[in-house]
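User: Hey, I've got a protein model open and I'm a bit lost. Can you walk me through it?
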Amino acid sequence: MSSIAMRTPDLEWLKPMFPGFAVSALVAVSAQFLSDHYGAPAMLLALLLGLALNFLSEAGTRTAPGIEFTARTVLRLGVALLGARISVDMLAGLGAPAIALVVSGVVLTILFALVMTRFVGRGWRFALLTGGSVAICGASAAMAIAAVLPRHEKSERDLVFTVLSVTVLSTVAMVLYPMISNAFGFTPRDSGVFIGGTIHDVAQVVGAGFSISPETGETATLVKLIRVSMLAPVVLSFSLIIRVRGLADTVAGKRPPLLPGFVLGFLLLAAANSIGLIPAFVADLAGALSRWALLIAIAAVGIKTSLGRMVEVGGGAIAIMIAETVFLGVFVVAGLHLLA
């Protein structure tokens with residue numbers, strides 16, 4: 001009894017998370033109900049319902065901590081579980097040209113950002129921050145890159161703006177990109193490459209991909225995780241270049257892990273599935289749990305997103321983010337047409 005009593009407080013941190021998680025789960029269940037009855041994509045409905053409840057994510061509300069937890073941790077759990085349905089055969093089916101297209105898009109978007117900032121009076125720090133977040137994995141990349149950039153008086157503002165911008169742009173892209181994919185007549189596989197290779201945040205990639213088809217969703221998630229995996233070499237390269245040029249801060253703060261844990265979980269499950277260690281019924285169960293985790297997480301992402309705050313930042317900074325997003329999208333579309 002004493003040992004049980006000693007372990008009980010370890011779960012106390014979950015209590016403040018419950019209200020926000022419960023709201024997100026309720027939105028997800030409502031979205032699934034509407035999807036079953038009216039045929040609209042559940043992911044899209046969860047996002048739109050969540051946007052209408054943005055006030056629940058404001059600081060000081062009981063639901064804010066749980067919504068933040070759901071949008072990050074539950075999302076990552078969902079993506080990791082999705083690895084049980086991925087195999088090396090799928091990666092081989094994606095093909096070296098498509099993988100090269102995705103990697104090239106990351107590198108060229110960062111270089112494009114460095115060029116664009118010269119025209120709007122922004123510095124190289126802002127270019128690396130915004131370009132890296134657009135090219136790799138949105139808010140997670142922004143926070144990892146910010147940790148290695150030399151700090152200045154506007155560091156916090158730039159980070160908050162970048163995180164907000166990539167979230168809003170990803171939300172818009174989640175709605176528009178499936179339409180663009182259909183307009184270009186992409187196959188489910190090419191749609192997955194387009195969506196996974198262009199949308200910033202993992203949650204919106206999953207939402208947009210699965211709103212088209214399961215095959216598109218799985219391909220989009222795989223392509224997105226290739227981009228996410230580039231976070232480690234990109235951040236490491238930034239850090240080394242900054243140090244070599246003598247621009248690093250003299251006191252380094254605590255930095256986030258270069259490769260997110262949920263990516264490692266995804267890769268481990270995918271590897272286990274590839275060599276036949278995961279039975280079919282377990283893979284199906286993991287897929288179902290993954291889908292619900294992602295649906296709940298996308299509802300939380302919608303609740304967190306505030307479209308109105310975009311106008312609080314200067315037009316030049318917004319133009320850079322939009323230009324980087326458009327550049328990446330055009331590059332991937334052009335590459336898919338050339339590969340075809």
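Analyst: Sure, below we go through some helices, ring pairs and surface spots. Keep in mind that this is a predicted model.

User: How many aromatic pairs turn up in a search of the whole structure?
Analyst: The search finds six aromatic pairs. One of them is Phe112 with Phe327, and the two rings are stacked, 4.4 Å centre to centre with 5 degrees between the planes.

User: Where do those two sit in the chain?
Analyst: Phe112 is in helix H6, while Phe327 is in helix H16 (residues 315-339). They are 215 residues apart, so the pair links distant parts of the chain.

User: And why does Phe327 count as partly exposed?
Analyst: Because its relative accessibility is 25%, and partly exposed covers the range between the 20% and 50% cut-offs.

User: What about Phe184 and Phe186, how are their rings arranged?
Analyst: Those two are stacked as well: 5.6 Å centre to centre, with 20 degrees between the planes. Phe184 is partly exposed at 43% relative accessible area, whereas Phe186 counts as buried at 13%.

User: Which residues make up the cluster linked by ring pairs?
Analyst: The cluster holds Tyr177, Phe184, Phe186 and Phe194.

User: Phe194 is in H10, right where I'm looking. Is that helix mostly covered or mostly open?
Analyst: Helix H10, residues 188-198, is mostly covered, with nine of its 11 residues buried. Phe194 is among the buried ones, and so are Asp190, Val193 and Ile195, for example.

User: New topic. Which residues form a nonpolar patch on the surface?
Analyst: Val107, Leu108 and Leu111 do, and together they have about 230 Å² of accessible area. Leu111 lies in helix H6, residues 96-116, and is partly exposed, with a relative accessible area of 46%.

User: Switching again: is Ser35 buried or exposed?
Analyst: Ser35 counts as buried, because its relative accessibility is 13% and the cut-off for buried is under 20%. Ser35 lies in helix H2, residues 18-38.

User: What is Ser35 in contact with, leaving aside neighbours within four places in sequence?
Analyst: Ser35 is in contact with Ala40, Pro41, Ala42 and Leu45.

User: Last one: what lies over the face of Phe126?
Analyst: That's Arg122, at 5.0 Å from the ring centre.

How values were computed. Residues numbered from 1 in each chain as written. Predicted model: local features only at pLDDT ≥ 70, side-chain atom pairs only at ≥ 80, totals over all residues. Heavy atoms only, no water. Buried < 20%, exposed > 50% of the residue type's maximum accessible area, 1.4 Å probe, protein only. Helix = DSSP H or I, 4+ residues; strand = E, 2+ residues; numbered from the N terminus. Patch = residues over 30% accessible without salt bridge, like charges linked within 9 Å, V, L, I, M, F, W, Y side chains within 5 Å. Areas by Shrake-Rupley, 256 points an atom, 1.4 Å probe, with all protein chains shown as cover. Salt bridge = Lys/Arg side-chain N within 4 Å of Asp/Glu carboxyl O. Contact = heavy atoms within 4.5 Å. Phe/Tyr/Trp six-rings, centres within 6.5 Å; stacked < 30°, edge-to-face > 60°. Lys NZ or Arg CZ within 6 Å of the ring centre and 35° of its normal.
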